[in-house]
Amino acid sequence: HAKREGRGRAEIYTDALALEAQDRAELERDLLMGLQRDEFLLEFQPQVDALTGRAVAAEALVRWAHPERDLVLPPAFVPLAEESGAIVALGDWVMGRVCETAARWAEAGMDHRIAINVSARELGQPDFFLRLRHAMAAQGAPPAMLELEITESLAMDMEPRVLDQLAALRADGVAVAIDDFGTGYSNLARLKELPVDRVKIDHSLVRDIVTSAQARTICSAVVGLIQGLGLQVVVEGVESQAQMDMLRVLGCTLFQGYHLARPMNEDAYLARYAAPDADAARDAG
Ligand code: C2E
Ligand code: MG
Ligand code: MG
Ligand code: MG
């Protein structure tokens, strides 16, 4: 009996693995079709200035309204899209939608930047910057309304050609942020030379700051380092008031996280964060 049970468990385990692989293969196959069928959507999560209580920027986060599943979140399909190369088409879709949204917000008097996440495979395309500029021009998106988020590990790895194009884009008014800071290995001398405006501290660095003095020390040092380089700090993944209070003592003012707001659709974002004067501009227009 014991033997049969053991084998049974092994079979179930194998089935689960096979299912997972099949699941991944299925999602990978469905990605391009999903793009054609317009199954993707963007949600927006505010970055809030604690001094004014207002949102200053929104991060655009892609979601997949797969016809046979619940809303699929990026960790389940962005890595697959990177492997298969579908990320380039997906990234183009994101760029187009963000530029279109940014143009409309600017028209309505909203000055919140919209941040786009850029993955390694996208940035590795020789015509990445050209396509972004085309999207901006086609939609009439002001550069001052846009921001690019590049992960720490990717940022540390950029070739001179990419750095030059990023610097040129920034000179034209697009902001650049380092994403997930604290999860990779940074060359601090390099950080100083990168064409960036702000650094987003990863949630893993703030998770334990309320309960652990050590976590607090590390977080404090990282904040001091970034600010010492003259860069703005945005803290990601803030989930409680206690964390936020602690971070304010450390000198942080820009926050993004569930404690402030979850990612939401555009209508909900505008209803909650459009300034009164933006409402007036929209009504007048
Ligand atoms: P990210 O750029 O670091 O985005 C922040 C992630 O943290 C989002 O997950 C967001 O929903 C989540 N988050 C926000 N506040 C909290 C919080 O208080 N606690 C916790 N635990 N999480 C919080 P999401 O939407 O699942 O996206 C995951 C990652 O997928 C993003 O991480 C980004 O790297 C990538 N991604 C999302 N959208 C795009 C896109 O359009 N293009 C590309 N290339 N990557 C994207
Ligand atoms: Mg991001
Ligand atoms: Mg991040
Ligand atoms: Mg992340």
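# Briefing: two magnesium sites and a bound ligand

Along the chain, the residues that donate to the magnesium ion (ligand 2) follow the pattern E-x57-N-x31-E-x29-D. The model is predicted. A second magnesium ion (ligand 3) has donors spaced D-D-x55-E. D179 bridges the two ions, which lie 4.0 Å apart. Ligand 1 is surrounded by 22 residues. The count of disulfides is 0.

**Magnesium ion (ligand 2)**

- The protein donors are E59 (OE), N117 (OD1), E149 (OE) and D179 (OD). They lie 2.0 to 2.2 Å from the ion.
- E59 sits in strand 2, residues 54-64. N117 sits in strand 3, residues 113-118. The pair therefore ties together parts of the chain that are 58 residues apart in sequence.
- E59 counts as buried because its relative accessibility is 3%, under the 20% limit.
- N117 counts as partly exposed, since its relative accessibility is 28%. That value falls between the 20% and 50% limits.

**Magnesium ion (ligand 3)**

- D179 (OD), D180 (OD) and E236 coordinate this ion. E236 is listed twice, each time through OE. The distances run from 2.0 to 2.6 Å.
- D180 and E236 link distant parts of the chain, 56 residues apart. D180 belongs to strand 5, residues 175-181. E236 is in the loop between strand 7 (232-235) and helix 10 (241-249).
- D180 is partly exposed, with a relative accessible area of 24%. E236 is buried, with a relative accessible area of 11%.
- D179 is the bridge here too: it connects the magnesium ion (ligand 3) to the magnesium ion (ligand 2).

**Ligand 1**

- The closest residues around ligand 1 are R63, N117, D179, E239 and Y258. N117 and D179 are also donors of the magnesium ion (ligand 2).
- R63 has a side-chain N or O atom 2.9 Å from an oxygen atom of ligand 1.
- V62 places a backbone N or O atom 3.3 Å from a nitrogen atom of the ligand.
- E236 has a side-chain N or O atom 3.4 Å from an oxygen atom of ligand 1. E236 also coordinates the magnesium ion (ligand 3).
- Taken alone, ligand 1 exposes 800 Å². The protein buries 83% of that area.

**Cysteines**

- A disulfide is a covalent bond between the sulfur atoms of two cysteines.
- The closest cysteine sulfur to that of C219 is in C252, 6.1 Å away. That is too far for a bond, because a disulfide needs the sulfur atoms within 2.5 Å.
- C219 counts as buried, at 0% relative accessibility.
- C99 counts as buried, also at 0% relative accessibility.

**G257**

- G257 is in the loop between strand 8 (254-255) and helix 11 (266-273).
- G257 is buried, with a relative accessible area of 2%.
- Neighbours within four places in sequence aside, G257 is in contact with Q45, G237 and V238.
- L71 is 186 residues from G257 along the chain. The C-alpha atoms of L71 and G257 are separated by 20 Å.

Methods
Residues are numbered from 1 along each chain as its sequence is written. Chains are lettered from A and ligands numbered from 1 in the order in which they are written. This is a predicted model: local features need pLDDT of at least 70, side-chain atom pairs count only at pLDDT 80 or more; totals for chains, interfaces and linings use all residues. Side-chain values use heavy atoms; hydrogens and water are left out. Donors are N, O and S atoms within 2.8 Å of the metal (3.2 Å for Na, K and Ca); water is not among the atoms, so sites may look incomplete. Helices (H or I, at least four residues) and strands (E, at least two) are DSSP runs, numbered from the N terminus. Buried means under 20% relative accessible area, exposed over 50%, partly exposed in between (1.4 Å probe, protein chains only). Contact means heavy atoms within 4.5 Å. A residue is near a molecule or strand if one of its heavy atoms lies within 4 Å of it. A polar contact is a pair of N or O atoms within 3.5 Å; within protein, one must be able to donate a hydrogen and the other to accept it, and residues adjacent in sequence count only if both atoms are side-chain atoms. Accessible areas come from the Shrake-Rupley method with a 1.4 Å probe; for residues, only the protein chains shown count as cover.
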